[in-house]
Structures are given as C-alpha cells and as structure tokens.
Amino acid sequence: MFSVNHPFLYLLSGLVVVFIIVQSAFFLVKAVKQAKKLGISTDTVKKTILSSSLFSVAPAVSILVGVITLSKFIGLPFPWYRLSVLGAVTYELPAATLAASAMGVPVTETVTDPAAFSTIAWVMSLGILSGLILVVFGLKKIQGGMVSLAGKDKRWGEILQDALFLGMISAFVGLLFANVRQGLSGFIPIVVALSSAVLMAVCGLLIKKLKWTWLEQYAMPLCMLGAMALSLPITALMS
Amino acid sequence: MKDKKTAPALSPYENSVHAYGRVFGVIALVIMLLIPLAVSLYFSAWPPLNALLKALLGVLPMYWTVGIIEVFTFVPMLGTGGSYLGFVTGNLTNLKVPAALNAMQAAKVRPGTEEGDVISTIAIASSSIITTLIIALGVFLLGYLQPLLESPVLKPAFDNILPALFGALGVVFISKNPKIAAAPLVFMVVLFMLVPSLSKSVSILVPVGALIAIGVARVLYKKGLLDQKAGKN
C-alpha cells in the first residue's frame, strides 16, 4: 500500500545519505593529506574544519525547515533525499508544484496517488541533473579553458577571480532591495544585512587592533548567527 | 588532442581528484536516476507520459540553464575537489560557495591555487557532512523539533539567513575591491528595486553581475587604476 512515508522511501533516502557522507569523508581525508604535503599547518586545517562546520549549522537547520515544508505535501523521506543531494528548497518546491499541477493534484494536501508521486519523483530528480552532468564529464576542459581565459598575466587572473565573487555578491546584495517598495517591512533584510556587516567590521577591528587572530576563522559564522538573532528584534520593530 | 597541449600539466593530486571525482559523480548520477525508477517499480506506479513531459517542459529549460550557469560561475571559486563534491551535495549559493570563500579568505589562500583547492575541498566536505547529519537527525527527531522550528518567534531568523550571510561576506569582499564592486552593486540594487519579481531568478543574475564586474575590472586594470602586483589579497 503506497504512502508518502513508506519505509521503502526511508530506506532509499537513507542509502543516499550514507553515500553523501562517504563521498564527503573520502574527499576530506584526501584533501587533509594533501594539505600536509603542501605545508599547510594542522592548525589551519583544524580551524577550517571547525569553522566550516559551525558556518553550516544555521543553513542546515533552514534546509530542514524546507524539508518540513515539503513533507506536508510529499511526505518526509523524499524531500529528505532531494535536499541532501544537489537540492535547494528554491528549486524543489516549484519543481514539485509543477509536477503536481501537471497531474492535477493539489499541493495543499498530502499526495495519495502513487502515479502522481512517481511523476513528482521523476521531475524532481531529472530537473536538477545538468550541473552534475557537466561537472562529471566536462570539469577538466572547463578548468583548462578558464586558465587560458586568464592568460599568463597572474595579477589579471586574481582580479578576474575577485570580479567573479563580486558579481555573485552584488546579485545577492541587490536581492535585499527587492521588497523596498512594500514600505518599512521591506527594509528588514537590508537592516539585517547591515547589522551583519557591522558585526563583521567589529570582528575585523578586533583581529587587526587587538590581534585576536583566532577570530579570523570564526568571524563569518558568528556574524551570521548574530545577525539572525538580531533579525528577531529588527523584525518586531519594523513590521 | 589540441587541449592537451594548451592545458597546464596537472599534479598527481589533481589528477587523482579528477579520477575519483568522476567515479563518485557517475555513481551520484546513477543514484539520482535509480531512485525515481525504484519508486516506480516498487509501487508499480509509472508517471503518465504526457503529464511527465508537460512538467519536464516547465522545469527543464529553466533548471538546466541555471545548472549550467552555476557550473561556469562556481567552478573557479570552488576548485577541482570542491566542484566535484559541491555539485553532488548541492545547496551551493546558500551554503557551499560562501563556506569555501570564507575558508580560503581566513586561511589566506587564493582560489585557483592548489592550496586554495585543498582548503576549499576541506571546507565543502566538512560543511556537507555536518549539513547531512543535521538534516538526518532532524528528520528522525522531527516530532520534537517541528514545533520549535515552525514557531513564529524564530521565523524571522530563518527568513533572514541570506541577508545575515551576504552582509558579512559582502563587507569583506567589497571593502577589498570597492572600485570593481561599485558598478555591479548599483546595477543590481536598481534592477531589483525596479523589477522585484526577479528575486525568483537570482541565480541567473549572478553571471550578469560577474560580467559587469569583469568588464569594469578589465577597464580599470588596463588604465592602471588597480593594484598591479600579483599576490595581493
């Protein structure tokens, strides 16, 4: 008997999760060994691991919130798998919605028709594959092409890198302004981002003036969590 | 064979990362096809062809384009190992890319170097493991966690993850290169204020911002208005 929370679906998702952990652990060990060979200090490696882990806690919990959102519609195990491999809530929700509407199934209730569920499963899986296919079969060529794009000028290569980051950052900073026409509450994301930036500037001062070098690796996750905490009073004041 | 001559020689480490990256990547691809297949077989429920095609037609053109754009945007930031891992584990813009950028910045290594590649891989691997474990734990403890995670008190914090992330990340990178940052920033702010509905397709605007930044950087560099010395962080 089909159910969106069938044990078989949990089994499938569980296997995927094991695969992800194995692959990540494999690359982690490999990179740590190589770091040693390159003369990167154990301290830096340890700090990188700790800081990246700390950095991931809040986004991971927000991904979990996405899993819960989708679970009301297609059960718990399937969104668990979709958001553990190459997923992001921003893709998965519209993909599931489109598949459901093609089957004439409402997104407001749990799916009970196995054919509708399998359509959603196929669409959510096939929709996300292009990046992975391109990386698996084309990464070497793409990287070769990028090296020749930067040319022999080393400084220009560095500037090109920085310009690429700034392109990404500017798109997301622009995004903060998308709701300003809604009035005061539309400014909440901007104020939160500013408070995060101010926290970061304070961390920068502490690192430079007071030589708190230990803070370097942890500044980003701490500022992010700090700004998320500040978003509670900011939202209360501005909405 | 032409690219063999022009491509730089890869170190043994890079070659082995490519080899293992491909093996894991192919397994991931197979898994992603086997899962819907297993669902269809186990429940003997196949998607009706016309509904499947209709839904795919709505999803594929946009998603596959974004996927391809993401590869060209993020590969130079993530490096070899980071790309193979990041494009399997996902959540790139909201988690893996910022984690890698932050780690390289803190460790004072540059992307595109072998040191940068190694640090980026370590950051993405640690981030993937923690994220996967937290989600798995959350799924099993859902009964306890759901009221807390869905409480209206905490909602603003989750709504504001991206501003909290890009505020801190932005100030670090913008303050290092204000001249390159100014034009794409102004462009994006004005664009989003004029067309708020674009917020759904921010991934497509990332390469637009990058092209503007690269264009401005090229002009400034040629005019000698940027620091000309290599190795400047």
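**Figure 1. Interface between chain A and chain B.** In this predicted model, 138 residues of chain A are in contact with 157 residues of chain B, contact meaning heavy atoms within 4.5 Å. The two chains bury about 13600 Å² between them, 79% of it on carbon and sulfur atoms; buried area is the accessible area (1.4 Å probe) that two parts lose on being put together, summed over both. Three salt bridges are counted between chain A and chain B, a salt bridge being a side-chain nitrogen of Lys or Arg within 4 Å of a carboxyl oxygen of Asp or Glu. A salt bridge joins A:Asp162 to B:Arg110, with 3.2 Å between the closest N and O atoms. Across the interface, 25 residue pairs are in polar contact, both residues at pLDDT 80 or more. A polar contact is a pair of N or O atoms within 3.5 Å; within protein, one must be able to donate a hydrogen and the other to accept it, and residues adjacent in sequence count only if both atoms are side-chain atoms.

Residues are numbered from 1 along each chain as its sequence is written, and chains are lettered from A and ligands numbered from 1 in the order in which they are written. Because the model is predicted, local features need pLDDT of at least 70 and side-chain atom pairs count only at pLDDT 80 or more, while totals for chains, interfaces and linings use all residues; side-chain values use heavy atoms, with hydrogens and water left out.

**Figure 2. Surroundings of B:His18 in helix 2 of chain B.** Helices (H or I, at least four residues) are DSSP runs, numbered from the N terminus. B:His18 counts as buried because its relative accessibility is 2%; buried means under 20% relative accessible area, exposed over 50%, and partly exposed in between (1.4 Å probe, protein chains only). The side chains of B:His18 and B:Tyr84 make a polar contact at 2.8 Å. Beyond its neighbours within four places in sequence, B:His18 is in contact with residues of both chains, including A:Leu139, A:Lys140, A:Gln143 and B:Thr80.

**Figure 3. Nonpolar surface patch of A:Phe137, B:Val26, B:Val30 and B:Leu34.** Together these residues have about 370 Å² of accessible area, computed by the Shrake-Rupley method with a 1.4 Å probe. Patch residues have over 30% relative accessible area and no salt bridge, and nonpolar side chains (Val, Leu, Ile, Met, Phe, Trp, Tyr) are joined within 5 Å. Helix 2 of chain B supplies the largest share, three residues. B:Leu34 is found in that helix and is partly exposed, with a relative accessible area of 46%.

**Figure 4. Contacts of B:Leu165 in helix 8 (residues 161-176) of chain B.** With 1% relative accessibility, B:Leu165 counts as buried. Leaving aside neighbours within four places in sequence, B:Leu165 is in contact with A:Phe55 and A:Met224, as well as with B:Asn94 and B:Pro98.

**Figure 5. Environment of B:Gln105 in helix 4 of chain B.** B:Gln105 is partly exposed, at a relative accessible area of 28%. Residues up to four places away in sequence not being counted, B:Gln105 touches B:Val172, B:Phe173 and B:Lys176. The side chain of B:Gln105 also makes a polar contact with that of B:Lys176 (3.0 Å).

**Figure 6. Positive phi values at B:Ser44 and B:Asn91.** B:Ser44, with phi near 35°, is found in the loop between helix 2 (12-42) and helix 3 (49-89) of chain B. B:Asn91, with phi near 50°, is found in the loop between helix 3 and helix 4 (92-106) of chain B. B:Ser44 counts as exposed at 60% relative accessibility, whereas B:Asn91 is buried, with a relative accessible area of 4%.

Notes. Helix = DSSP H or I, 4+ residues; strand = E, 2+ residues; numbered from the N terminus. Patch = residues over 30% accessible without salt bridge, like charges linked within 9 Å, V, L, I, M, F, W, Y side chains within 5 Å.
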